[in-house]
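I am opening the notebook on a new model and want to keep a careful record of what I look up in it. The entries below follow the order in which I went through the coordinates.

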Amino acid sequence: MTMALAGGMLIGLAVWVLYAGLGRIAGISGIVYNIAERGQRHWRVPFLLGLLVAPWLALAAGVPMPASALPQGTGALLLLVAAGVLVGFGTRLGNGCTSGHGICGLSRLSPRSFAAVAVFMGAGVLTATLLRPWLLGWLS
């Protein structure tokens, strides 16, 4: 079994456990945005901590991570932070994120999620195609 398949299965399991156990959708942007909601921290904080801690546990257990997955240099790190901020704003504007729409919504056959995934994947491909040459020049 490849690491990608194992990771995908673990994501699917986490989504199922959250939905079956609490009836909640694992949309990360919604979980982060509503973390201050009273009575909801008992599951939001551990879920988010799991997202942050799991990669470090995997590295400690000897799971290989390609060097290309790690930011190389200050420029790449700044670009990563800027991209994360833009994704955060985009998920609020679009009322959902890749995890909420792409994993949970598609598995529930939600027409809204099919439309959202088509739009953000298309926009992502277009943006990456147009900006890649500039970004590669800027990072080198």
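The expected span of a helix is 1.5 Å times one less than its number of residues, and I applied this to helix H4 of what is a predicted model.

**Entry: helix length.** I took helix H4, residues 74-93, and found that its 20 residues should span 28 Å, while the C-alpha atoms at its ends lie 29 Å apart, which agrees. Just past the helix I noted Asn-95, which follows H4 and has a positive phi, near 55°.

**Entry: a second positive phi.** I then looked at Leu-109, which is not a glycine and yet has a positive phi of about 60°. I placed Leu-109 in the loop between H5 and helix H6 (111-139), and I recorded it as exposed because its relative accessible area is 64%, where over 50% is required.

**Entry: the nonpolar core.** I asked which residues make up the largest nonpolar core. I found eight residues in all, namely Val-15, Leu-18, Ala-26, Ile-31, Trp-43, Phe-47, Leu-48 and Cys-104. Helix H1 (3-22) and helix H3 (41-60) each supply at least two residues of this core, and the largest share, three residues, comes from H3. Looking at one member more closely, and setting aside residues up to four places away in sequence, I saw that Val-15 touches Ala-26, Ile-103 and Cys-104.

**Entry: cysteines.** How many disulfides does a search of the whole structure find? I obtained zero. The sulfur of Cys-97 has its closest cysteine sulfur in Cys-104, at 8.3 Å, and since a disulfide needs the pair within 2.5 Å, this is too far for a bond. I also checked the accessibility of both residues: Cys-97 counts as buried at 7%, and Cys-104, which also belongs to the core, counts as buried at 3%.

**Entry: His-101.** Is His-101 buried or exposed? I recorded it as buried, because its relative accessible area is 5% and the limit is under 20%. His-101 sits in helix H5, residues 98-107, and its side chain is joined to that of Ser-113 by a polar contact of 2.8 Å. Leaving aside neighbours within four places in sequence, I listed the contacts of His-101, which include Gly-94, Asn-95 and Gly-96 on one side of the sequence and Leu-106, Arg-112, Ser-113, Ala-116, Val-117 and Phe-120 on the other. Asn-95, one of these contacts, is the residue I had noted earlier for its positive phi after H4.

Definitions and conventions:
Residues numbered from 1 in each chain as written. Predicted model: local features only at pLDDT ≥ 70, side-chain atom pairs only at ≥ 80, totals over all residues. Heavy atoms only, no water. Core = buried A, V, L, I, M, F, W, Y, C linked by side-chain atoms within 4.5 Å. Buried < 20%, exposed > 50% of the residue type's maximum accessible area, 1.4 Å probe, protein only. Helix = DSSP H or I, 4+ residues; strand = E, 2+ residues; numbered from the N terminus. Contact = heavy atoms within 4.5 Å. Polar contact = N/O pair within 3.5 Å; in protein donor to acceptor, adjacent residues only side chain to side chain.
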